[in-house]
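Visitor: I'd like a close look at a single part of this protein: its nonpolar interior. Could you walk me through how that part is put together and what lies around it?

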Amino acid sequence: IATERLTDAQRGLREISALAHGRAESKILYFEGPNEIGELLRYRLTEMAGKEFVGFYAYTENDPTKVVSAVGEYNETLRRLDIHTRGIVPDHPGLKSYRESDASYLRTMKVVPLSEYSSRMAIDAGDTFVRLMSFADQQGIVIDNPHIAKSFRQIFEMAWKK
């Protein structure tokens, strides 16, 4: 909790500085390793309470135990914070347990054939940021920029409608 508060305070100072200089804050953050995947998943999560993530989600297979644990904690946090998720996912046997628990974790997913979408990398967006995540490689990037997030969300909505 203390680390999260410190991170929030530091982010707030950067945002105040950006406003003082007349520019919107934009940054790119890189995460690597099993511990940082958890940080990536928690990035600005409390700000998303009651809102929705949208994205293209990957299939999982033989992901490191610590990463699987971080994803489990993330899903529980989403439910607790009433954060919904809409996504497009590949039809892969490794995702069966996720599809069975979609409703209880506030997820609405459209499943597409693995031959059309076989990514091991997930891309999703909140209100002001986009995340690129490769759990198998234990790497991720956050692009914290509301304009990029808006563009990604528009692209997602076009794909969702089709």
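Guide: In this predicted model, the largest nonpolar core holds 26 residues, and those touching the most other members are Leu41, Leu45, Phe53, Ile83 and Phe135. Three elements, H2, H3 and E6, each give two or more residues to this core. H3 provides the largest share, 5 residues. Apart from this core lies another one of 10 residues, including Ala149, Phe152, Phe156 and Trp160. As background, nonpolar side chains in soluble globular proteins tend to be buried together.

Helix H2 is a good place to look more closely. It spans residues 34–42, and its buried residues are Ile37, Gly38, Leu40 and Leu41. Viewed down the axis of H2, these buried residues fall within an arc of 160°, so they line one face of the helix. Leu41, then, is a buried residue of H2 and also one of the core members with the most partners. The cover over the buried residues of H2 includes helix H3 (65–80) along with three strands: E1 (27–32), E6 (129–134) and E7 (139–144). Just after H2, arginine 44 adopts a positive phi of about 50°.

A polar residue also deserves your attention here. Aspartate 124 sits in strand E5, residues 122–125, and counts as buried because its relative accessibility is 0%. Its side chain has polar partners: one polar contact, of 3.0 Å, goes to the side chain of tyrosine 57, and another, of 2.7 Å, goes to the side chain of arginine 131. Leaving aside neighbours within four places in sequence, the residues in contact with aspartate 124 include Val54, Gly55, Tyr74, Val130 and Met133. Two further contacts of aspartate 124 lead back to the cores: Phe53 and Phe152 are both on its contact list. Phe53 is among the best-connected members of the largest core, while Phe152 belongs to the core of 10 residues.

Stepping back to the whole protein chain, there are 5 helices and 7 strands, running α-β-α-β-α-β-α-β-β-β-β-α from the N terminus. Of the chain's 162 residues, 41% count as buried. Taking contacts between residues at least 6 apart in sequence, 68% join residues at least 24 apart. On the outside, the chain exposes about 9,200 Å², with carbon and sulfur atoms supplying 57% of that area.

Definitions and conventions:
Residues are numbered from 1 along each chain as its sequence is written. This is a predicted model: local features need pLDDT of at least 70, side-chain atom pairs count only at pLDDT 80 or more; totals for chains, interfaces and linings use all residues. Side-chain values use heavy atoms; hydrogens and water are left out. Helices (H or I, at least four residues) and strands (E, at least two) are DSSP runs, numbered from the N terminus. Buried means under 20% relative accessible area, exposed over 50%, partly exposed in between (1.4 Å probe, protein chains only). Contact means heavy atoms within 4.5 Å. Accessible areas come from the Shrake-Rupley method with a 1.4 Å probe; for residues, only the protein chains shown count as cover. The arc is that of the directions from the helix axis to the C-beta atoms. A polar contact is a pair of N or O atoms within 3.5 Å; within protein, one must be able to donate a hydrogen and the other to accept it, and residues adjacent in sequence count only if both atoms are side-chain atoms. A nonpolar core is a set of buried Ala, Val, Leu, Ile, Met, Phe, Trp, Tyr and Cys residues joined through side-chain atoms within 4.5 Å.
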